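Hi,

Here is the structure I said I would pass on. Have a look at it first, and then read my notes below.

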Amino acid sequence: MPTKMLMTVEEYLRTSFEDGDREYVDGEVVERNMGEINHGGIQGFLAYLFWQMSAHLGLRVLTDIRIRINSTRYRIPDVAVWLTGDKVEGDEYGVPLFAPFLVIEIFSPEDRMSRVKPKMKEYLSLGVPWVWLINPNNGTAICYSQADPEGSPCDVLHTENPAIEIALEKVLELQA
């Protein structure tokens with residue numbers, strides 16, 4: 001079992017981790033399950049799709065960026081999307097000052113729903129309108145929103161204002 005790494009939020013925000021960024025939860029630095037081929041392929045594909053839509057829909061897409069949930073909690077979604085009408089400014093550490101329009105989390109084989117579900121609630125509590133949780137391991141997805149905070153299984157990943165629809169099957173084709 002890995003040793004817990006404790007530090008202040010200021011230390012965390014000034015630290016670069018050689019083996020991948022980590023989340024910060026109430027004083028503890030928490031390792032993220034790093035993706036493998038399926039995870040990385042889906043993350044890259046979705047970032048590319050959103051990048052292609054960016055000019056037409058007015059989007060700004062970032063991957064693996066720290067999101068401030070509250071003063072003692074920072075999460076790092078796989079993909080985060082802002083509307084370009086929103087200012088995507090960062091604080092002195094480069095952490096965005098405003099909640100994204102959409103957050104996407106992609107399950108890794110080591111992830112457990114009991115550890116991931118609280119993140120979905122945290123993103124929604126921050127005011128993120130849409131959250132997608134994609135599980136390439138079993139070919140499913142759950143779409144969360146402010147109107148559906150418990151989430152519902154979805155075959156089409158979707159948002160409104162702007163309307164975005166991406167067939168889950170298209171996303172999962174990368175595993176073939």
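A word on burial before anything else: I call a residue buried when its relative accessible area is under 20%, exposed when it is over 50%, and partly exposed in between, using a 1.4 Å probe and protein chains only. Please keep in mind that this is a predicted model, so local features need pLDDT of at least 70 and side-chain atom pairs count only at pLDDT 80 or more, while totals for chains, interfaces and linings use all residues. Residues are numbered from 1 along each chain as its sequence is written, and side-chain values use heavy atoms, with hydrogens and water left out.

Let's start with helix α3, residues 113-126. (Helices are DSSP runs of H or I with at least four residues, strands are runs of E with at least two, and both are numbered from the N terminus.) The expected span of a helix is 1.5 Å times one less than its number of residues. For the 14 residues of α3 that gives 20 Å, and the end C-alpha atoms are indeed 20 Å apart. Just after α3 comes G127, with a positive phi near 105 degrees.

Which residues of α3 are buried? They are V116, K119, M120, E122, Y123 and L124. The buried residues of this helix pack against β2, β5 (67-70), β6, β8 (102-106), β9 (130-135) and β10 (140-145), where contact means heavy atoms within 4.5 Å.

Now the charged side chains. A salt bridge here is a side-chain nitrogen of Lys or Arg within 4 Å of a carboxyl oxygen of Asp or Glu, and the whole structure has 10 of them. One network of salt bridges links E23, D26, R73, R75, K119 and E122.

Within that network, D26 pairs with R73, the closest N and O atoms being 2.3 Å apart. D26 sits in the loop between β2 (23-25) and β3 (28-30), R73 is in strand β6 (residues 73-75), and the two are 47 residues apart. D26 is partly exposed because its relative accessibility is 47%, whereas R73, at 16%, counts as buried.

R73 also forms a salt bridge with E122, at 2.5 Å between the closest N and O atoms. That pair joins strand β6 to helix α3 across 49 residues. E122 counts as buried because its relative accessible area is 9%.

E122 meets R75 too, at 2.7 Å from N to O. R75 lies in β6 and E122 in α3, so this pair ties together parts 47 residues apart in sequence. Both R75 and E122 are buried.

Cheers
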